[in-house]
Amino acid sequence: MPAFKRVLARRPDTRQRVVLATNNPGKVAEYRELLADTGAVLLTFDPDVDETGGSYEENALLKARAAAEATGLPALADDTGLEVEALNGEPGLRSRRLAPTQPERNQVLMERLRDVPRPWGARFVCAIALVTPDGAEQTFRGEATGELTENPRGEHGFGYDSIFVPEGETQTFAELPPEAKQRLGHRGRAVRGLLQSGFLERVASN
């Protein structure tokens with residue numbers, strides 16, 4: 001039995017455990033808040049798979065399948081990207097791979113937009129996949145539209161949050177309180193789709 005499974009087997013907690021397939025602390029914090037009322041115990045495991053899918057959904061499924069197989073537990077994963085209108089939807093699937101660090105990613109994006117008139121319309125896209133060890137799986141998508149700002153602002157969030165102002169707001173996601181981002185954000189909308197589907201509840205009841 002893999003070490004991860006042996007550790008879980010010794011745990012006396014009978015609540016349903018769901019593995020979040022990421023090592024991103026920002027994502028972990030958001031999911032713990034978004035799923036706080038479900039009663040599920042959220043664990044983390046990084047499956048370390050290559051995101052070779054041609055869509056957000058495909059990448060999320062790759063990670064969730066690998067985590068479910070490795071742990072023997074239902075696994076939740078997401079893939080998220082920032083799509084800029086003036087750049088024909090880029091960086092999109094390559095959002096995290098645009099540069100090694102987030103400040104560098106922001107800089108690369110601003111350099112590409114230097115000669116583009118404002119406003120810089122953009123949207124965040126998040127696809128969530130939930131996969132069970134027996135092979136049942138579903139995906140859910142959430143989107144948030146808005147505009148980019150040149151200078152990063154705010155201390156909350158992660159990724160491109162500090163340069164994204166959601167539609168109808170004047171503050172970036174990083175300036176807004178976490179509960180506002182959960183309400184307006186792409187990940188929150190995808191999670192609400194998951195919860196409304198009843199799939200997580202069915203998984204947790206098995």
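Start with one pairing: Val 19 has Ala 75 in strand 3 as its bridge partner. That contact belongs to strand 1 (residues 17–20), which pairs with strand 3 in the parallel sense over two bridges; strands here are DSSP E runs of at least two residues, helices are H or I runs of at least four, both numbered from the N terminus, and pairing takes at least two DSSP bridges between the strands. Bear in mind that this is a predicted model, where local features need pLDDT of at least 70, side-chain atom pairs count only at pLDDT 80 or more, and totals for chains, interfaces and linings use all residues. Residues are numbered from 1 along each chain as its sequence is written, and side-chain values use heavy atoms, with hydrogens and water left out.

Now follow strand 3 to its other neighbours. Strand 5 (residues 120–131) runs antiparallel to strand 3, with ten bridges joining them; Asp 79, for one, has Ala 127 as its partner there. Strand 4 (residues 91–92) is antiparallel to strand 3 too, joined by two bridges, and Glu 83 sits opposite Pro 91. Six residues separate strands 3 and 4 in a hairpin, and Asn 88 in the turn has a positive phi of about 55°.

In a regular strand, side chains alternate between the two faces of the sheet. Here both faces of strand 3 are covered, with Ala 75 and Asp 79 among the buried residues on one side and Leu 76 and Val 84 among those on the other. Ten of its ten residues are buried (under 20% relative accessible area, 1.4 Å probe, protein chains only), so strand 3 is largely enclosed by the rest of the structure.

Zooming out, the protein has seven helices and seven strands.

Terms used: Buried < 20%, exposed > 50% of the residue type's maximum accessible area, 1.4 Å probe, protein only.
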